[in-house]
Amino acid sequence: VRGPPLAGAFKERPTKPTAFRKFYERGDFPIALEHDTKGNKIAWKVEIEKLDYHYYLPLFFDGLCEMAFPYEFFARQGIHDMLEHGGNKILPVIPQLIIPIKNALSLRNRQVICITLKVLQHLVVSADMVGEALVPYYRQILPVLNIFKNMNVNSGDGIDYSQQKRENIGDLIQETLEAFERCGGETAYINIKYMIPTYQSC
């Protein structure tokens with residue numbers, strides 16, 4: 001007697017071409033690749049503070065689904081640069097970021113999830129009220145995290161390497177949820193607990 005088929009909760013989903021890639025290939029982004037002693041970084045052709053965040057930030061978040069160089073590098077680094085310099089421009093754009101975040105997590109690709117979690121941790125501390133503004137969207141963001149929460153890959157040497165790079169998915173999810181709770185105001189904990197019953201408060 002064979003057991004039931006695997007439900008496939010952890011199974012990776014196929015990626016679709018992103019709007020980010022299309023815009024990048026058309027040369028619509030004011031960015032170029034720059035090499036320095038520490039590796040690659042983005043050379044912005046305009047001051048980041050002067051960018052139209054409503055236009056660019058959702059596009060860069062769309063690029064979180066990318067796994068190929070240089071798209072994934074530009075998307076990830078571009079987001080961190082924009083969050084670093086965005087200040088009060090970030091909060092009004094939050095509703096436009098939810099679908100790209102959800103799409104990235106829904107791929108169930110471990111590399112993409114780890115990158116997206118680090119972006120979420122940066123996002124909640126990037127400006128006042130951002131953490132609280134995310135609370136109503138937990139229902140869209142947290143289900144995939146609930147699936148992967150207890151997954152810490154312990155395979156001999158592999159775990160040390162993943163911890164050095166902060167790519168141990170279970171730990172990253174816990175860190176991200178704690179950041180959500182710290183920055184999300186009074187209702188954050190109860191809303192996290194509703195979506196992820198095993199979550200313990202920080």
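Where is the place of Pro70? Pro70 sits in the loop between helix 2 and helix 3. The legends below cover this loop and other close-ups of a predicted model.

**Figure 1. The whole chain combines 10 helices with two strands.**
Along the sequence, the elements follow the pattern α-β-β-α-α-α-α-α-α-α-α-α. The chain has 202 residues, and buried residues make up 46% of them. Its accessible surface comes to about 11,000 Å². Carbon and sulfur atoms account for 52% of that surface. Take the contacts between residues at least 6 apart in sequence: 72% of them join residues at least 24 apart.

**Figure 2. A cis peptide bond joins Phe69 and Pro70.**
Omega for this bond is about 5°. Most peptide bonds are trans. The loop that holds Pro70 runs between helix 2 and helix 3.

**Figure 3. Strand 1 and strand 2 form a hairpin.**
Strand 1 spans residues 31–36, and strand 2 spans residues 39–44. Two residues lie between the strands. The strands run antiparallel, joined by six bridges. Ala32 has Ala43 of strand 2 as its bridge partner. In a regular strand, side chains alternate between the two faces of the sheet.

**Figure 4. Phe23 and Tyr55 form an edge-to-face aromatic pair.**
The structure holds 14 aromatic pairs. In the pair of Phe23 and Tyr55, the ring centres are 6.2 Å apart and the planes meet at 70°. An angle over 60 degrees counts as edge-to-face, so the 70° here earns that label. The pair links distant parts of the chain: Phe23 belongs to helix 1 (residues 19–25) and Tyr55 to helix 2 (residues 53–62), 32 residues apart. How are the two rings covered? Phe23 is buried, because its relative accessibility is 14% and the cut-off is under 20%. Tyr55 is partly exposed, with a relative accessible area of 37%.

**Figure 5. Tyr24 and Phe74 form a tilted aromatic pair.**
Here the centres are 5.1 Å apart, with 35° between the planes. This pair also links distant parts of the chain. Tyr24 lies in helix 1 and Phe74 in helix 3 (residues 71–86), 50 residues apart. Tyr24 counts as partly exposed at 25% relative accessibility. Phe74 is buried, with a relative accessible area of 1%.

**Figure 6. Ring pairs link a cluster that includes Phe23 and Trp44.**
The members are Phe20, Phe23, Phe29, Trp44, Tyr55, Tyr56 and Phe60. Arg26 lies over the face of Phe23, at 4.8 Å from the ring centre.

**Figure 7. Helix 4 ends just before a residue with positive phi, Arg108.**
Helix 4 (94–106) and helix 5 flank the loop that holds Arg108. The helix has 13 residues and reaches 18 Å from its first C-alpha to its last, close to the 18 Å expected at 1.5 Å a residue. Its buried residues are Ile94, Leu97, Ile98, Pro100, Ile101, Ala104 and Leu105. An α-helix has 3.6 residues a turn, so residues three or four places apart point the same way. Cover for the buried residues of helix 4 includes helix 2, helix 5, helix 6 and helix 7. Arg108 has a phi of about 60°, although it is not a glycine. Most residues other than glycine have a negative phi. Is Arg108 buried or exposed? Arg108 is buried, with a relative accessible area of 12%.

**Figure 8. Met129 also has a positive phi.**
Its value is near 75°, in a residue other than glycine. Met129 sits in the loop between helix 5 and helix 6. Met129 is partly exposed, with a relative accessible area of 48%.

**Figure 9. The buried residues of helix 9 pack against several helices.**
Helix 9 covers residues 169–183. Its 15 residues should span 21 Å at 1.5 Å a residue, and its end C-alpha atoms are 21 Å apart, so the two values agree. The buried residues are Ile169, Gly170, Leu172, Ile173, Thr176, Leu177, Ala179, Phe180 and Glu181. They pack against helix 5 (110–124), helix 6 (130–134), helix 7 (138–148) and helix 10 (188–195). Just after helix 9, Gly185 takes a positive phi of about 80°.

Terms used:
Residues are numbered from 1 along each chain as its sequence is written. Side-chain values use heavy atoms; hydrogens and water are left out. Two strands pair if DSSP finds at least two bridges between them. Helices (H or I, at least four residues) and strands (E, at least two) are DSSP runs, numbered from the N terminus. Rings of Phe, Tyr and Trp (its six-membered ring) pair if their centres lie within 6.5 Å; planes under 30 degrees apart count as stacked, over 60 as edge-to-face and the rest as tilted. Buried means under 20% relative accessible area, exposed over 50%, partly exposed in between (1.4 Å probe, protein chains only). A charge sits over a ring if NZ of Lys or CZ of Arg is within 6 Å of the ring centre and within 35 degrees of the ring normal. Contact means heavy atoms within 4.5 Å. Accessible areas come from the Shrake-Rupley method with a 1.4 Å probe; for residues, only the protein chains shown count as cover. The expected span of a helix is 1.5 Å times one less than its number of residues.
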